[in-house]
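Colleague: I have a structure open and would like to learn how to read it. Please take me through a few features in turn.

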Amino acid sequence: MDDQPIIEVKNLMTWFPVKSGVLQRVNAHVRAVDDVSFSIPKGKTLALVGESGCGKTTVGKTLLRLIKATSGEVIYNGVNLLELSNKDLLPYRKKLQIVFQDPANSLNPRMLVKDIVGEGLRSFKITTGKEEYEARVAEVLELVGLGPDTLYRYPHEFSGGQRQRICIARALAVNPEFIVCDEATSALDVSVQASILNLLKDLQNRLGLTYLFITHDLSVVEYLADRVAVMYLGQIVDEADTETLFRDPKHPYTQALLKSAPSLDPDHRELIALGGEVPSPMNPPPGCRFHARCEKVFDPCATEEPDFYDVPTGRCRCFLHRPG
């Protein structure tokens, strides 16, 4: 592991057209991702957090080109993936994988586990012959804690946690370097979440994997992530290393998120709800996008859009931290 980024996202924008009328003309855009930039060093985990609908899943899918970007760059090991044709992108597909939120819906119920996990092996022609194919499938199933008896069973025969292990095995089968974990534990019971998080951390240490971990669960973030980026209404508003962000959050939105998270700590039992409604990403407010819900709002917030300002171990998009 080193500090060289394996993934760099620069000024990424993903806007979805809104059409209306008989001629279906575009009259507006949903600004799901609006000028997002970050980088992830090899072997590290960046957590992307925020409320539902803030655009974090769209970032992950755009990064992998499962959704078309409007503009920006996604640099993987020095190559801009957004400039590649579909044919030129193919060699990179096996290096960048995804684990989806709901394992029940992301596994084909009519396929045996050996065929599900081996989909990538067949697509990329990684193995030759039945014996090598089944040996590789059995190997990755063992990596995620499942025995060879699972090969000839169907997804409905497993628990939610076991199904998510199968999804992780499917991603690992093609020897990826980078994995997007899109709410990979949110559909599971709390006790099962812990086992999956331990598995992801162990796999990262053993295989040198790099994660973009998308979640709204701050307790998961604190355990797994090296660095945290907080999203609000299509933009990253706060970014810092995990310890600093939890100990001393800089953006008022991050502060509100941490206060609204349930905790067993007697000093942090105050449970609050963020006030106001989330503005529409089709028509974001002028100035700071959080100003209408912010308790610390002052003069420039409603009219000027804040830039990123340097804070200890990170950056924050808030006028409170503007120099001078």
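**Reading the sheet, a helix, the cavities and two backbone angles**

Modeller: Start with the sheet: 8 strands form an open, mixed sheet, ordered β6-β7-β8-β3-β9-β10-β12-β11. Its edge strands, each pairing on one side only, are β6 (96-99) and β11 (309-311). From one strand to the next the twist averages 25 degrees. This is a predicted model, where local features need pLDDT of at least 70 and side-chain atom pairs pLDDT 80 or more, while totals for chains, interfaces and linings use all residues. Residues are numbered from 1 along each chain as its sequence is written, and side-chain values use heavy atoms, without hydrogens and water.

Colleague: In which sense do β6 and β7 pair, and over how many bridges?

Modeller: Strands of a sheet pair through backbone hydrogen bonds, either parallel or antiparallel. Here β6 and β7 (residues 178-182) pair in the parallel sense over 4 bridges, and L96 stands opposite F178 in β7. Pairing requires at least two DSSP bridges between two strands. Strands are DSSP runs of E with at least two residues, and helices are runs of H or I with at least four, numbered from the N terminus.

Colleague: Is helix α7 largely enclosed or exposed?

Modeller: Because 11 of its 13 residues are buried (under 20% relative accessible area, with exposed over 50% and partly exposed in between, 1.4 Å probe, protein chains only), α7 is largely enclosed by the rest of the structure. Among the buried residues are G161, R163 and L172.

Colleague: How many cavities of 30 Å³ or more does the structure hold?

Modeller: Rolling a probe the size of a water molecule over the atoms shows where empty space is left. The structure holds 3 such cavities (sets of points on a 1 Å grid over the protein atoms alone where a 1.4 Å probe fits but cannot get out). The largest has about 80 Å³ of space, a volume being the space filled by probe spheres set on the points, which are joined across faces, edges and corners. Its lining residues (an atom within 4 Å of a point) include H251, C288 and F290.

Colleague: Which residues other than glycine have a positive phi?

Modeller: Most residues other than glycine have a negative phi. D35 is one with a positive phi, of about 70 degrees, and D35 lies in strand β2 (residues 25-41). L233 is another, with phi near 50 degrees, in the loop between β9 (227-232) and β10 (235-241). D35 is partly exposed at 33% relative accessibility, whereas L233 is buried at 5%.

Definitions and conventions: On a 1 Å grid over the protein atoms alone, a cavity is a set of points where a 1.4 Å probe fits but cannot get out, and a pocket is an open set with protein on both sides within 12 Å along at least five of seven lines; lining residues have an atom within 4 Å of a point. Axes are lines fitted to C-alpha atoms, for helices over the stretch in contact, and angles run from 0 to 180 degrees between N-to-C directions.
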